[in-house]
Amino acid sequence: MTKKFSPSRLSRLSLAVWVTLMGAMLAVPGLASAATPEEPRLDPAQEFDLPPWISIHIFGIDMSINKGVFYILLAAVLTVVVVSLVARTMTVRPKGKVQTTVEIGYSLMKDNITDGNLDPKMAARWFPFIGTLFLFIWFSNMIGYLPLPTNTEHTFDVAGVAIPSFALYAATANISVPLVLALVVWIAYNVEGIRAKGFFKYIRSWVPAGVEGFMVGPILAIETLSHFVRLLSLSLRLFANILAGHLLILFMAGGLVVLLGMGFFGSVILGVATGALAVTFLLFEIGLVATLQAFIFCTLTAIYLDGAVAEEH
Amino acid sequence: MLAAVDATTAAAYAETAGRAMGLGLGTGLAALGTGVGLGFIFGKTIEAVSRQPELKSEIQSIQWLGFALTEATVFYGFIAGLIAFFV
């Protein structure tokens, strides 16, 4: 490998690219809107709008390609491509940081999440699902912190071409994506339980051993409620973590200053203070929350699967 | 700022005020329990590691699991506040 593509140079280069993108995202729309003073009021609810880019309607179902769909596809493509590439080009003794990182990730998925919570037969069957789930959620969270030109609402002109503004957006920040993932997991573990035990025995297994007589009824009702709430909590945990992180960063990085609308010097002072907070939150989110939420989702998946087929003790 | 704030009648003011209070109280009250829970988790981790330093990495992995599950409760309150404000 020539010196030009050495790992330290590549990581410095990618860091420089990311910092430039962040700076462009923050500075260019600000400069562009400073040039055209008729600024529409900041509407935070606009964060949740997803105007279609390419409208596709199949039998009345709206399957348009919009920003969220684009990010999901990007995360899926990244998951497949990165891991396949590493799998093809890996060596027995790891030569680069990427293979080491992927090996650490694989060990996390296999030894910690899957083997730590499932018996060997179930682990062998469900590891591909849990591994793919972990990588998809991880990539989806991480590219949410990379500014990409996807904000078609506010475009800015570069040499006459209207380029969409850079925006931070994560596919998992929309309730639909975590909900679908949680639905798949929920249906999967219930089907596994029914398959292992038969329908009525499975429902009966929700009640802990040792409970008998008239207490079974109320306890069964509470347990049924808790199983349905699992669907809600699994999806909401992932969704709210990523959404809150994005909102915090966006509000600290300028939203608060614009919303309060103080004079020039007040805005500058507040902007600098909250800007430092924005960077802190961004680093916190990237360093901890993105990976942790993927880890939690998959650990809970493994725990639910194990709980569904486990024998009563 | 938002549609909820463009209020003219007393009833609209009351609705705006209610929504704003719901937003603030949602996250604020949820953070009470979460703060206590997180402090508990990390305190127990410190105790456990001080008793058996060789188990540090295992205890830490359980700690992160507990942290994420406890942190989720503040987000339930946050989402409830958002629903109160926007819906």
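Here are some informal notes on this two-chain structure, which is a predicted model.

1. **How chain B is built.** Start with chain B, whose secondary structure is quick to list: two helices and zero strands. Its radius of gyration is 20 Å, and the globule rule gives 12 Å for 87 residues, so chain B is more spread out than a compact globule. You can see this in the C-alpha trace too, which spans about 65 × 15 × 15 Å along the principal axes of chain B.

2. **Burial and contacts in chain B.** What share of the 87 residues in chain B is buried? The figure is 10%. Now take the contacts in chain B between residues at least 6 apart in sequence: 76% of them join residues at least 24 apart.

3. **Where the chains touch.** Chain A puts 15 residues into the contact between the chains, and chain B puts in 13 residues. On the chain A side, helix H7 (216-260) and helix H8 each supply at least two residues. Which helix gives the most to that side? Look at H7(A), with seven residues. Sorted by class, the side of chain A that touches chain B has seven nonpolar, five polar and three charged residues.

4. **One helix pair across the chains.** Next, follow H8(A) to where it packs against helix H2 (residues 56-86) of chain B. The angle is about 95° and the axes are 10 Å apart. Angles of 65 to 115 degrees count as roughly perpendicular, so H8(A) is roughly perpendicular to H2(B). From H8(A), the residues to click on are Leu292(A), Gln293(A), Ile296(A) and Thr299(A). They meet Trp64(B), Leu65(B), Ala68(B) and Leu69(B) in H2(B). This contact divides into six nonpolar, two polar and no charged residues.

5. **H8(A) inside its own chain.** H8(A), residues 264-309, also packs with helix H4 (residues 120-143) of chain A, with an angle of about 155° and axes 8 Å apart. Are these two helices roughly parallel or roughly antiparallel? Angles over 145 degrees count as roughly antiparallel, and H4(A) and H8(A) are therefore roughly antiparallel to each other. Their crossing is right-handed.

6. **Who meets whom in that pair.** On the H4(A) side, the contact includes Trp126(A), Ile130(A), Phe134(A), Trp138(A) and Met142(A). On the H8(A) side, the residues include Ala290(A), Ala294(A), Phe297(A), Cys298(A) and Leu305(A). Gln293(A) is worth finding in your viewer: this residue of H8(A) takes part in the contact with H4(A) and also in the contact with H2(B). By class, the contact of H4(A) with H8(A) has 15 nonpolar, four polar and one charged residues.

7. **Val80(A).** This residue sits in helix H2 (residues 67-89) of chain A. Val80(A) has 14 other C-beta atoms within 10 Å, so it is partly exposed. Phe136(A) lies 56 residues away along the chain, yet the C-alpha atoms of Val80(A) and Phe136(A) are separated by 8.9 Å.

8. **Glu103(A).** Move on to helix H3 (residues 97-114) of chain A and you will find Glu103(A). How many C-beta neighbours does Glu103(A) have inside 10 Å? There are 13, so Glu103(A) counts as partly exposed. Glu103(A) and Val86(A) are 17 residues apart in sequence, with 9.7 Å from C-alpha to C-alpha.

Notes:
Residues are numbered from 1 along each chain as its sequence is written. Chains are lettered from A and ligands numbered from 1 in the order in which they are written. This is a predicted model: local features need pLDDT of at least 70, side-chain atom pairs count only at pLDDT 80 or more; totals for chains, interfaces and linings use all residues. Axes are lines fitted to C-alpha atoms, for helices over the stretch in contact, and angles run from 0 to 180 degrees between N-to-C directions. Helices (H or I, at least four residues) and strands (E, at least two) are DSSP runs, numbered from the N terminus. Angles under 35 degrees count as roughly parallel, over 145 as roughly antiparallel, 65 to 115 as roughly perpendicular and the rest as oblique. A crossing is left-handed if the near helix is turned anticlockwise from the far one by less than a right angle, and right-handed if clockwise. Two residues are in contact if their C-beta atoms, placed from the backbone, lie within 7 Å. Ala, Val, Leu, Ile, Met, Phe, Trp, Tyr, Cys and Pro count as nonpolar, Asp, Glu, Lys and Arg as charged, and the others, Gly among them, as polar. The radius of gyration is taken over C-alpha atoms; the globule rule is 2.2 Å times the number of residues to the power 0.38. A residue is buried if 20 or more other C-beta atoms lie within 10 Å of its own, exposed if 12 or fewer, and partly exposed in between; C-beta atoms are placed from the backbone.
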